[in-house]
Structure formats: C-alpha cells, structure tokens
Amino acid sequence: MKDEWLFAPGHGMCAGCVVPALVKHILAIAGKNTFVVNSTGCLEVATTEYPRTSWKVPWVHVAFENSAAVASGIEAAMKKFGEEGNIICFAGDGGTADIGMQALSGMVERGHDVLYVMYDNEAYMNTGIQRSGATPYGAWTTTSEVGKANPIGNLRPKKPVADIIAAHKAAYVATVNLAFFQDFKKKVEKAMKVKGPRFLHAIVTCPTGWRADPSKGIEIMRLATETGIFPLWENENGGKKRITYRPKKFKPVKEYFKLQSRFRHLSDDIIEKIQEDVDRWWKEHSE
Amino acid sequence: MLRGNESVAYAFKLARIDVFPMFPITPSTLVPERISKFIADGELDAEFIPLESEHSAISAAIGASLKGARVGTATASQGLALMHEILFIASGMRLPIVMGIGNRALSAPINIWCDHQDTMAERDAGWLQFYAESNQEGLDLILMAFKISEDKRVLLPSMVGLDAFVLTHTMEPVDVPEQEEIDEFIGKKKPEYLTLDANNPATFGAFGSPSHYMEFKYAQYLAMKNASVVIDEVFSEFTSKFGRKYSKINEEMMDDADIVFITLGSCTGTAREFIKMKRKEGKKIGLLKITVFRPFPKEEIRKALKGKKVVAVIDRNISFGFGGAVYGEVAAAMNGMDESPKIVDFIVGLGGRDITFNTFEEVLSIAEKAMNEEVDEINWIDVDKEAVEKEEII
C-alpha cells in the first residue's frame, strides 16, 4: 500500500497535523486519475514550495476563494474533451465557510461533477489562528481573544456548512472523521462513485491552533464525535440526514475540551451551556 | 452588420473555443447571449459555464485553460475589477485566455458608459491589451489575440477592448471570415504548455519563495518582449491573408505634422474627421492611434513622434494623483530622446461623455498654444470645472 500513496512525505505541515493523513487516504481511494484543486492555506503552502511537491497527481492552486470555480472550469474542459477523471477540491474552513462560500455554492447549484473536501480545523490556521465562520462557540483564537470583558472568546456558533450544501440538494454530503476510519472510508468510496456535486466536511485537529499535544490529534478527533460535538452523518440529494454513528454512551463535552487549551478559559457555566446545545441537537436527531 | 459584442461572439465561434465561462454585465452581456444561442443551435461545440461572479468566471477560465481548452470570455468595468486578483494569476500561470472587454467607467458614481478606466487599471496585470476602433477591428483582434497568446514564445492572456455602447451596441458593417480561413489561420489548439494530465502529473500554482519568485516574473517580462515580435508577425500574416492592415500604432497624416493627436479606441474616427477638416484650413495635425497598449510600443512611438512639436494625448481615463495613463506612458517612451516634443495630456470622455469636434477644438487650441508657451500639463476638457470647484475646498 505504502508505495501507492499519491501524497509524498517531506512536506512542511506541522507535527501532529491531521490534514496530510486525510489527504493521502482520500487520494488512495480516488486513485491516480484524479485532479486536485487546492485553495490557499496550510496544505497548499506547506506541500508545494517550488521546486518540490508532495503531489503525485495533477494539482493546481489558484487562490483562496475560488477552488470550486477553478474545478468547474476543469470539469467543463473534461466534458468537452470527453475525458473521465475525478476532480477533488481541498480547502480549509476559512477557504470554504467564509471566503469560498460563494464559489462553492455556485459550483454545487450548477451541478458540476466535483468532490469538494473541507478540512475543518476551525480557524484560519495558516495566517496564525484567526477565527473563521467555522470556529465554534467558546473557542479562543487570536481574533476572538479572551479577557475580562469577554471571558468566552468566540461568541458565535459554528456555521453549518455541510447543512448549507445539503440544502443545495448536492448529490452527496457527509461529515467525516479520520478517527472513525471505516465510516470515513465508506463515505469517501461512496463520494467517489456518486456523480454530481459532492461535499465532505472533515474535522481535523490542528495541534498548533487548538493548543493541543501533537501526539493526540486522532484522540481529540475521536472525542469530538464521542461527545456528540461533531456528529457523523450523510445525505443524498438534499434528502433526510442519516446519522452514521451514534455513540452508545455520549462522553461529556468537557472531555473534548480539556485536551485543548483553546477552551481552557471556559467556566463550568459556559461548558454546561455548550453541553445543552449538543444534547439538544441529538434530541432533534433522535431516531 | 454586427454590433461590437457580436463581433466578439463571432470571433469566439470562429476560433472554435472549447469553454466559455461567463457572468453577465452591461455593456458586454450580448457576447454570452450570442454564444449561448450558437451552442443551442449546434453551431458551436463549446461548454458554457454560467458562473455566479466574474471572479469565478475568470477562475473557471484558468481551470479550463489549464486542462488544455481554448477559452474565451467577456466582461467590463466592475466585472473586470472583480477579476483583478485572478488576472495576475492567469498571466502568472502563462495561460492564453482571450477576453473581450466592453470598455466602461468604474463606480462611483455607478455609470455604464464608455471610458477606458477599467482596462487601464489592469495594465500591470500581465495581459496583452488591444483596443479596437471599430467592430471589424474587434473581431479581427480577438482572432489574432488567440494566435498571439497561444504562441509558445508568448503564452500570456489577452484582452481586447471595445468601447461601451459606441461599439458594443452599435451596428457596423463587418466582414466575417469563412470558418475554413480561420481554421487555417489559427489552427486547432495544441497547448504549447503543460496541462493537467493524469499521465504526466504536475503541480501548478506552487508556492514561490523569494529564491524563485523573481525568475518567474522575469520570464513573464521576456514573454511580453517576445509578444512584441509575435504581434508584428501575426498582424502581417493577417494582412496577407485577409487584406486588412494592422499595426501596433497606426500613423495618419504624420509626415508634415507639427501637432499629433494620440488616441485609443472609437474616438479615433472622430479625431480623424476633425483633423482632416482642420488640414483643409492648413493646420498641420497628425493622428497616432494606439492599437496595442501592452506590450507598450515604445520604439514605434518614439520613431513616430521624433521631430514633432506638440503631442496631444487623448486620455479616456484618469490616474488620480498623476494624470492620464496613456500620457504617462507616452512621456516615458520619450525618455532620453533628443528634441522630445512637448507632451500635453487631455482628460476627455469619462463615463460616456461624448467626444465631439468641440472637444477636439479645445484640445487643438491648447495644443497650438503649447507650440509657443507653457500650458497646463493635465487638461480636463468638457467638464464643468466651476461647479465642482465651488463645492470642493481648494
């Protein structure tokens, strides 16, 4: 298997960053006939410093906000030439939930045959941990600072990007977590089979930005789902959300928070409020 | 008879573009409308992408061009300004995209009429720039732009400007070449650059550190220099095939001229008639039309203006804090030349204000005055200066 990886090591991603693992496993499933469009961000900057590259598949970076539009153009050209192949966009949460939202919405609405993967580390990590629309309530970032006047940090709830894309009636939408590998693999395989616009929302630990132990990336991600904070679900053509993993016994959100210093300022009251929000979500999505 | 926008659309059809990404904007919207109809009627086999913004339209153009497609698109004004970020990436990635522009003023205030502010603001974006005087030139220049841009010595994108409404919406007789003639002239696109290819995977748009970035920029600088040579070759091949003559600058009535008017675009016709009229009165005026603004034809302009007394630059744009953009470039082209003419700038026709004989009367009277005495460097014509000066604290 190892010789077949289409994403080479030796790049400059941080120790403990989960994004390279996410990318290489997706590419392993997608195969060689894959065209990658990468938005500006950690992944692009740290893997392609000229004249070196980690990418063994055709790869292009144009800008921060427009990968979905670039992919639309590639797909149109392939259609014209009668070519088959996978087109995959990789973009961070800033490049997707914020600055790239319009291009993504357009791409999905027009029905392009593209898989868009948002690797979500919940802030602008490449520029140094600034809040994005995908930063969760209560998280410290360098632009949602914590202090006497604001003991909470980020005051807004996380933007539900996957729901927004599902509301476009995208062919396939799923949330994925590498810590739940079988669920992840099944969903990526499905995403590769379905035709039309597809969207995967992947949670990824950023040890640097989450102020976490770099050896605990997968453990933290597992807790994100075991606590119910990051539910795993899928949806086709805007239909009903199907929960693909329901923890038998939910762990308290506090367990997820305590491994990350970005949440260490939170009072028990605030943690309790977040716990209630999580509980409410699961109640609304009970079988 | 074709409107300017139809000239652009017919040129794209004749060039057999593969992909047409678009976003509608006045005054260029008729281009995508016509392309849509060509495709619907089965006359053009191309993929039409109706994007959600101009920013995405040019981004899709990059994606398609990188996949090896021949790509055309059209925009104007705010649309071109919205593309700004990506224009530099198209040229930096050396993609031969061709874009028709309906030259239109920039907001604020919002205005849909003609001036050259939109393309002048993008003159440093690394695109070749052509300005059409007529709808015929619009069609011919788009066709030639593909051949020039796709030349492996160039590999840079091109924009062709047609003045808003004056050309984009006005019917003019246009000779549309036969498809076979254009197939022979431009040929099928064989990308002379690396493309996105699963059998030969490559990384495009990589991260360029300070140790490599400048070499990429120098390569673009050389490509622009090459473009200057290739433009001459393609213009002369076009003339021999189709009879219509093109050159980077067009000189008329210049031999004995003391005063030279420099124009771009559709107001050239008005200037030509005005000069002919004045010549009957014995005034020695010449006309220099700039068709190619990027690469800027420095040498040609130096040669043409040598020994002239006064050059009146007709600028349909304003670089605030300086003057007209064309003026700046013409003045720079004269750098170090013995007996450089006096160069005077005229800001005219912004936001679609008509450029008439009266405009040129005023230009001429200032230019004549400049023969013997000092005049203002920058002269705004046809503008109610008192009304503005009353309001602004000076």
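**Two chains and how they meet**

In chain A, 67% of the contacts between residues at least 6 apart in sequence join residues at least 24 apart, a contact being two residues whose C-beta atoms, placed from the backbone, lie within 7 Å. The model is a predicted one, so local features need pLDDT of at least 70 and side-chain atom pairs count only at pLDDT 80 or more, while totals for chains, interfaces and linings use all residues. Residues are numbered from 1 along each chain as its sequence is written, with chains lettered from A and ligands numbered from 1 in the order in which they are written.

Chain A carries 11 helices and 8 strands; these are DSSP runs, H or I over at least four residues for helices and E over at least two for strands, numbered from the N terminus. Its radius of gyration is 18 Å, which agrees with the value near 19 Å for a compact globule of 287 residues. That radius is taken over C-alpha atoms, and the globule rule is 2.2 Å times the number of residues to the power 0.38. Along the principal axes, the C-alpha atoms of chain A fill a box of roughly 60 × 45 × 35 Å. Of its 287 residues, 53% are buried (20 or more other C-beta atoms within 10 Å of a residue's own, against 12 or fewer for exposed and anything in between for partly exposed, with C-beta atoms placed from the backbone).

Within chain A, helix α3 (residues 67–81) packs against helix α5 (residues 101–110) at about 35°, the axes being 7 Å apart. Axes here are lines fitted to C-alpha atoms, for helices over the stretch in contact, and angles run from 0 to 180 degrees between N-to-C directions. On the α3(A) side the contact uses Ala68(A), Ala69(A), Ala71(A) and Ser72(A), and α5(A) answers with Ala103(A), Leu104(A), Gly106(A), Met107(A) and Arg110(A). By class that comes to 6 nonpolar, 2 polar and 1 charged; Ala, Val, Leu, Ile, Met, Phe, Trp, Tyr, Cys and Pro count as nonpolar, Asp, Glu, Lys and Arg as charged, and the others, Gly among them, as polar.

Then there is the meeting of the two chains, where 35 residues of chain A touch 37 residues of chain B. On the chain A side, the elements giving two or more residues are α2 (42–47), β2 (59–60), α3 and α5. The biggest giver is α3(A), with 11 residues. That side of chain A has 18 nonpolar, 11 polar and 6 charged residues. Strands also link up across the chains: β2(A) and strand β7 (residues 203–204) of chain B run parallel, joined by 2 bridges. One named pair is Val60(A) with Phe204(B).

Chain B has 13 helices and 14 strands. Its radius of gyration is 21 Å, close to the 21 Å from the globule rule for 394 residues, so chain B is as compact as a globular protein of that length. Its C-alpha trace spans about 70 × 50 × 50 Å along the principal axes, and 53% of the 394 residues count as buried.

An open, mixed sheet of 5 strands in chain B has the order β3-β4-β6-β5-β11, where pairing calls for at least two DSSP bridges. The edges belong to β3 (72–75) and β11 (292–294); each has a single partner strand, so one side of each is left without a neighbour in the sheet. From one strand to the next the twist averages 20°. Inside the sheet, β4(B) (residues 98–103) and β6(B) (residues 158–163) pair in the parallel sense over 6 bridges, with Asn103(B) bridged to Asp163(B). Helix α6 (residues 135–150) of chain B lies across β4, β5 (128–131) and β6, running at about 170° to β6(B).
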